[in-house]
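Okay, everyone, thanks for coming. Let me put the structure up and then walk you through what I found.

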Amino acid sequence: MTVVKYIEGRTLKKTLRAGLSVELWIKQGEYRGCYRTRIEDTEEGILILGVPYMAQGFVPVRPGEKIEVVFVTEAGPYGFEEEISSLQVETLPTFMVPWPKIAKRIQRRRFVRLAYFQDIQYQVMDEEKNPGDKQEAQTLDLSGGGLLLQTPQLLTEGDRILIYLKVKSEIVQIPSLVRRVEEVEFTLRTGDSQKRYRARIEFEEIPERIRDKIIRKVFDIQRDLRRRGLI
């Protein structure tokens, strides 16, 4: 599939519709970070977005503040930077930004990554992409672009594996690539040592509907941590 580096014009207008879930990146100040919100409405030359909510209340965005808006399409994640033009505080607090001229494709490393622990299975694939025996492992973190895997089996950079990941009530199979591997050693209560391997995994072939579910899951975790005052 050809990677489209940017979208604009009619395609962008068709994509940025009311109800679309987006990530709001605030890059400076006390509330710097990433928040989940959505496009509430569109007007001529204007996008209207909901002010994100966290445990302490609504995030205090301000006119003149530069933000980045990231959204996911079937072709992957795209984003644009704009300046907040005005706020509207009524029943639902919203803010307005000028309609973007262009949205550029976002690199996968930009996805929010959070600690996430889940027992999973995976299979190492051979050169013909035939999967081997299922292996047991545990995730240590998760993002829309991949995860960190801890396993007793030594993996090699460049290995292609098939990940079985539970997303809500669905177990999905995700063809993935091993990007980096490191060895870690634990000391048990008996005094013996035990080796494990941590592998940075990049999702290679993943339906965008599944990626979006993973992104939503990560943001649910992030929101819960903020509510508990842990981040």
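Let's begin with one residue, threonine 151. Its relative accessibility is 1%, and because anything under 20% counts as buried, threonine 151 goes in the buried bin. Keep in mind, by the way, that this is a predicted model. Threonine 151 sits in strand β14, which covers residues 146-151. A polar atom of its side chain is 3.1 Å from the backbone nitrogen of glutamine 153. What does threonine 151 contact once you drop its neighbours within four places in sequence? You get Tyr122, Glu136, Ala137, Arg196 and Tyr197.

Okay, zooming out. The protein chain has 17 strands and two helices. It has 231 residues, and 45% of them count as buried. The accessible surface comes to about 13,600 Å², with carbon and sulfur atoms taking 45% of that. If you like contact order, here's one for you: take contacts between residues at least 6 apart in sequence, and 56% of them join residues at least 24 apart.

Now the sheet. Nine strands make an open sheet, and the order goes β1-β11-β8-β7-β2-β3-β4-β10-β9, with antiparallel pairing. Which strands stand at the edges? Those are β1 (6-8) and β9 (86-88); each has a single partner strand, so one side of each has no neighbour in the sheet. From one strand to the next, the twist averages 35°. Looking at the β1 end, three bridges tie β1 to β11, residues 102-105, and the two run antiparallel. Isoleucine 7 is the residue facing alanine 103 in β11.

Next, strand β12, residues 114-125. β12 is joined to β13, residues 131-142, by nine bridges, running antiparallel. One of the pairs there is alanine 115 with aspartate 141 in β13. The two strands form a hairpin with five residues between them, and in the turn lysine 129 has a positive phi of about 65°. So much for that partner; β12 also pairs with β15, residues 160-167, again in the antiparallel sense, over five bridges. There, valine 124 has isoleucine 161 in β15 as its bridge partner.

Moving on to the packing. The largest nonpolar core has 32 residues, and Leu149, Ile163, Leu165 and Ile214 touch the most other members. Elements that each supply at least two residues include β12, β13, β14 and β15, along with α2. Which element gives the largest share of this core? It's α2, with six residues.

Let me pick out leucine 149. Leaving out residues up to four places away in sequence, leucine 149 touches a long list, including Ile120, Tyr122, Leu155, Ile161, Ile163 and Ile201. Some polar residues are on that list too, among them Gln138 and Arg198. There's also a second, separate core of 23 residues, with Leu20, Ile67, Val69 and Val97 among its members.

Last stop, back in helix α2, residues 208-227, which is where you find arginine 211. Buried or exposed, for arginine 211? Its relative accessibility is 3%, so it counts as buried. As for a polar partner, the backbone oxygen of glycine 144 is 2.6 Å from a polar atom of the arginine 211 side chain.

That's my tour, happy to take questions.

Definitions and conventions. Residues are numbered from 1 along each chain as its sequence is written. This is a predicted model: local features need pLDDT of at least 70, side-chain atom pairs count only at pLDDT 80 or more; totals for chains, interfaces and linings use all residues. Side-chain values use heavy atoms; hydrogens and water are left out. Helices (H or I, at least four residues) and strands (E, at least two) are DSSP runs, numbered from the N terminus. Buried means under 20% relative accessible area, exposed over 50%, partly exposed in between (1.4 Å probe, protein chains only). A polar contact is a pair of N or O atoms within 3.5 Å; within protein, one must be able to donate a hydrogen and the other to accept it, and residues adjacent in sequence count only if both atoms are side-chain atoms. Contact means heavy atoms within 4.5 Å. Accessible areas come from the Shrake-Rupley method with a 1.4 Å probe; for residues, only the protein chains shown count as cover. Two strands pair if DSSP finds at least two bridges between them. Axes are lines fitted to C-alpha atoms, for helices over the stretch in contact, and angles run from 0 to 180 degrees between N-to-C directions. A nonpolar core is a set of buried Ala, Val, Leu, Ile, Met, Phe, Trp, Tyr and Cys residues joined through side-chain atoms within 4.5 Å.
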